[in-house]
Amino acid sequence: MDTNNNYCIIMAGGIGSRFWPVSRNGKPKQFLDILGTGKSFLQQTFERFEKIVPADHILVVTSALYEDLVKEQLPRIKEENILLEPYRRNTAPCIAYATYKLYKKVPDATVVVAPSDHLIRNEEVFLNTIRCALGYAGEHNELFTLGISPDRPETGYGYIQTNRSNFKSIDGHTVYNVKTFTEKPDKELAKVLVESGEFLWNSGIFIWNLRTIKEEMEKHLPDISGPFSDAMPYYYTDKESGYIQEIYEACNGISIDYGVMEKTDKSWVFEASFGWSDLGTWESLYSHWKKDSGGNMVQAPENMIEEVKGSIIVSNEKNKLVVVKGLENYMVVNTDDVLMICPKDEVSFKNVITDLAVNEHSNYQ
């Protein structure tokens, strides 16, 4: 496959609040080695795409707060390929910024857009799927996303409804026309979606050529695409950051899913299965982690765990003994400045995060 016109856009601006207290505003989860591999999620993502796209063709869009972290963790990335967002405005402005900046230099580019913090277990299958999609998208004016075949009624992921009567095969991959995108459902709805056989998990990974996504954003999101188009003369100049600041101050936050993919008639989804998880929560990490005999996920160098079942025990302090006894379905997470002990369910954890600001502890966010 000719990679001269293939590019990758990595979205790395999130705050990872659902991995608090390990993930913090100052250093969110994409910059952390949560899996214990010796590399952060961002580093793993960069190295994964470097296998199919030249390193100088990889762009990272992140918060201006994380510029130094990106440079530190990705020393080989070109400085002009680090796009800094002054505010968080969801995925549509993020993608618009990267699209128009890249379009100025390489209007014929085909790109894969991906989050920075996903777990991919079968990398070979994943990369083959991306190669196939890039090759096809480079020659066709259509927009593609990857949908993961669901194996359970998961409430932590969004879903994509496929049109099962409108599909095609691309190099052995089944690709469906997209009907709708659905936000994270509750347990009952998730069960209905999976049992219907029409829904795939939404991976948040997109593949398209720049001309097509540009046209569709201008058609369906003119309020967002317009200002980024107007800024075209200033990309790659010292005036870029000033114009981007003004654009982000004025633009609304919206996802590319609802802003473009659900509205366009050019939206397609590759049905895929390569051991994917977005690892968005402690619960999702727990589901992938090797458990002890009590069904516990334990990440603590020195520990005494007794009469504990179905729990998450995490400590990042090497010279500290963690002793836990008599808990079931709990989270115990210890960092340098926070000790959190709470039930291991999403509702309890969300309440903890909400209470930080209410109880004037926002400095620990």
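This passage describes salt bridges, a helix pair, two buried side chains and a surface patch in a predicted model.

Charged pairs are considered first. Side chains of opposite charge can pair when their charged atoms come close, and the count for this model comes to 20 salt bridges. One of these joins the side chains of K168 and E142, with a nitrogen-to-oxygen distance of 2.9 Å. Since K168 belongs to strand β7 (residues 159-170), whereas E142 sits in the loop between α4 (123-137) and β6 (143-148), the pair ties together parts that are 26 residues apart in sequence. Both members of this pair, K168 and E142, are buried.

Helix α6 contains two further pairs, each spanning about one helical turn. In the pair formed by K214 and E218, the side chains meet at 3.3 Å, N to O, and the two residues are four positions apart in helix α6, so that about one helical turn separates them. The partners differ in their accessibility class: K214 has a relative accessible area of 16% and is therefore buried, the limit for that class being under 20%, while E218, at 33%, counts as partly exposed. In the pair formed by K219 and E216, the closest N and O atoms are 3.6 Å apart, and the residues, three positions apart in helix α6, are again separated by about one helical turn. Here K219 is exposed, with a relative accessible area of 53%, whereas E216 is buried at 1% relative accessibility. Elsewhere, R48, K51 and E123 are joined into one network by salt bridges that share partners.

Helix α6 also takes part in a helix-helix contact. Two packed helices are described by the angle between their axes and the distance between the axes. The axes of α6 (residues 210-220) and α7 (residues 222-230) come within 6 Å and cross at roughly 125°, and the two helices are therefore oblique to each other. On the α6 side the contact is made by M217, E218, K219 and H220, and on the α7 side by P222, S225 and S229. Residues E218 and K219 thus appear both in this contact and in the salt bridges with K214 and E216, respectively.

Two buried nonpolar residues were examined with respect to their surroundings. V61 is located in strand β2 (residues 58-63) and is buried, its relative accessible area being 0%. When neighbours within four places in sequence are left aside, V61 is in contact with I9, I10, M11, A12, G13, L83, E85, C94 and A98. Of these partners, A98 is 37 residues from V61 in sequence, yet the two C-alpha atoms are 7.3 Å apart in space. I34, by contrast, is placed in the loop between β1 (6-11) and α1 (41-49), and at 6% relative accessibility it too counts as buried. With the neighbours within four places again excluded, the contacts of I34 are F19, K29, F41, L285, W289 and Q299. The C-alpha atoms of I34 and V22, which are twelve residues apart in sequence, are separated by 8.6 Å.

At the surface, M304, L321 and V323 make a nonpolar patch of about 280 Å². Within this patch, V323 lies in strand β15 (residues 321-325); its relative accessible area of 53% exceeds the 50% limit, and V323 is therefore classed as exposed.

Methods. Residues are numbered from 1 along each chain as its sequence is written. This is a predicted model: local features need pLDDT of at least 70, side-chain atom pairs count only at pLDDT 80 or more; totals for chains, interfaces and linings use all residues. Side-chain values use heavy atoms; hydrogens and water are left out. Patches are made of residues with over 30% relative accessible area and no salt bridge: like charges are joined within 9 Å, nonpolar side chains (Val, Leu, Ile, Met, Phe, Trp, Tyr) within 5 Å. Accessible areas come from the Shrake-Rupley method with a 1.4 Å probe; for residues, only the protein chains shown count as cover. A salt bridge is a side-chain nitrogen of Lys or Arg within 4 Å of a carboxyl oxygen of Asp or Glu. Buried means under 20% relative accessible area, exposed over 50%, partly exposed in between (1.4 Å probe, protein chains only). Axes are lines fitted to C-alpha atoms, for helices over the stretch in contact, and angles run from 0 to 180 degrees between N-to-C directions. Angles under 35 degrees count as roughly parallel, over 145 as roughly antiparallel, 65 to 115 as roughly perpendicular and the rest as oblique. Contact means heavy atoms within 4.5 Å.
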